Amino acid sequence: MRILRAVVLVAGALLLAGCGVSGDSTGREIKMNMQEAAVRADEILDGTFAAIKPPVHWTHEQSTEGGCDVQRSRAVMTIISEERRGSFLGLIERYWESQGYKQLSVNNSDMPAMYYRTPDEFNVRVLIGGSGQAFFEVATPCVNASKVSPPKAETVGPNYAGKETPIPDVRSDFWSVKSSPSSRT
């Protein structure tokens, strides 16, 4: 299972890479530095998490800086049951599409994932890993080099940034339930 997760994460990282794979396909000059891009990535994540109802517990994961890009990541600490994963992903899909994000790819394997691109060329991903843990990542386009501060958003629950993220351990009366949601939910 760890090997499969590693393969999916590497494939996702390649798809999300800010420089090279996605690049600036529009040919327009990006007038943003890495810190500004990191703030925009955090705004994308903040908006996504605000759209999740009922809310989930989450933590920051490692923030990484490349030569001209930044990746911000969050892990959901709320258990998303197998029966609720479709609802969870559907909610994210509807929110991202309402924001004008364009779908790049969908993975329907044992570890489902969705990959999107924002109108301003940021790549976003959600992946449901083992134990029903959702992982979100935003990769910036290639921007001007600068120092980058850590994310400022307060986590919902303990902050595991810089440490190994444990398996999800928060039960939700909605997201962790082992039954499909009714049409009224």
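## A tour starting at Glu121

Start by selecting Glu121, in the loop that joins β5 to β6. Its phi is positive, near 75°, although Glu121 is not a glycine. Is Glu121 buried or exposed? With a relative accessibility of 8%, under the 20% cut-off, Glu121 counts as buried.

Before moving on, please note that this is a predicted model. Colour the chain by pLDDT: the protein has a mean of 86, and 82% of its residues are at 70 or more. Residues 1-26 stand out in that colouring, with pLDDT below 50, yet in the model this stretch makes 45 contacts beyond near neighbours in sequence. Where pLDDT is low, predicted coordinates should not be read in detail. You may like to fade that stretch while you look at the rest.

**Along β6 and across to β4**

Now select Asn123, which belongs to strand β6. Asn123 has 0% relative accessibility, so it counts as buried. Show side chains here and look for its partner: the side chain of Asn123 has a polar contact with that of Arg117, at 2.7 Å.

Keep Asn123 and Arg117 on screen and add Leu104, a residue of strand β4 (residues 102-107). Which residues does Leu104 touch, once neighbours within four places in sequence are set aside? They are Tyr115, Tyr116, Arg117 and Asn123, so both members of the polar pair you just displayed are contacts of Leu104 as well. If you draw a distance between the C-alpha atoms of Leu104 and Met114, you should get 7.8 Å for two residues that are 10 apart along the chain. Leu104 itself is partly exposed, with 36% relative accessible area.

**Helix α3**

Next, select residues 85-98, which form helix α3. The helix has 14 residues and spans 20 Å from first C-alpha to last, close to the 20 Å expected at 1.5 Å a residue. Colour its buried residues: Arg85, Phe88, Leu89, Gly90, Leu91, Ile92, Tyr95 and Trp96. What lies over them? The cover includes α2 (34-51), β5 (113-117), β6 (123-128) and β7. Just past the helix, pick Gly100, which follows α3 and has a positive phi, near 85°.

**The nonpolar cores**

Stay with Phe88 and display its surroundings. Apart from neighbours within four places in sequence, Phe88 contacts Ile52, Val56, Ile80, Val126, Ile128, Ala134, Phe136 and Trp175. Phe88 is also one of the residues with the most contacts inside the largest nonpolar core, together with Ile52, Ile92, Trp96 and Phe136. How many residues does this core have? It has 34. At least two residues come from each of α2, β3, α3, β5, β6 and β7. Helix α2 gives the most, with seven residues.

There is a second core, separate from the largest one, with five residues. To find it, select Ala113, Tyr115, Leu127 and Phe135, which are among its members. You have already met Tyr115 as a contact of Leu104.

**A cis peptide and another positive phi**

Go to the loop between α2 and β1 (58-60) and pick Pro54. The peptide bond leading from Lys53 into Pro54 is cis, with omega near -10°.

Then jump to Ser131, in the loop between β6 and β7. Like Glu121 at the start of the tour, Ser131 has a positive phi without being glycine, in this case near 60°. Their surroundings can be compared by accessibility: Glu121 is buried at 8%, whereas Ser131 is partly exposed at 46%.

**Last stop: the disulfide**

Finally, display the cysteine sulfurs. The structure has one disulfide, between Cys68 and Cys142, with 2.1 Å from S to S. Which hand does this link have? It is left-handed, with -130° about the S-S bond. The pair ties together distant parts of the chain, 74 residues apart: Cys68 sits in the loop between β2 (64-65) and β3 (70-76), and Cys142 in the segment after β7 (134-139). Turn on the surface to look at both ends of the link. Cys68 counts as buried, with a relative accessibility of 13%, while Cys142, at 32%, counts as partly exposed.

Notes. Residues are numbered from 1 along each chain as its sequence is written. This is a predicted model: local features need pLDDT of at least 70, side-chain atom pairs count only at pLDDT 80 or more; totals for chains, interfaces and linings use all residues. Side-chain values use heavy atoms; hydrogens and water are left out. pLDDT is the predictor's confidence in each residue, from 0 to 100. Contact means heavy atoms within 4.5 Å. A disulfide is a pair of cysteine sulfur atoms within 2.5 Å. Helices (H or I, at least four residues) and strands (E, at least two) are DSSP runs, numbered from the N terminus. Buried means under 20% relative accessible area, exposed over 50%, partly exposed in between (1.4 Å probe, protein chains only). The expected span of a helix is 1.5 Å times one less than its number of residues. A polar contact is a pair of N or O atoms within 3.5 Å; within protein, one must be able to donate a hydrogen and the other to accept it, and residues adjacent in sequence count only if both atoms are side-chain atoms. A nonpolar core is a set of buried Ala, Val, Leu, Ile, Met, Phe, Trp, Tyr and Cys residues joined through side-chain atoms within 4.5 Å.
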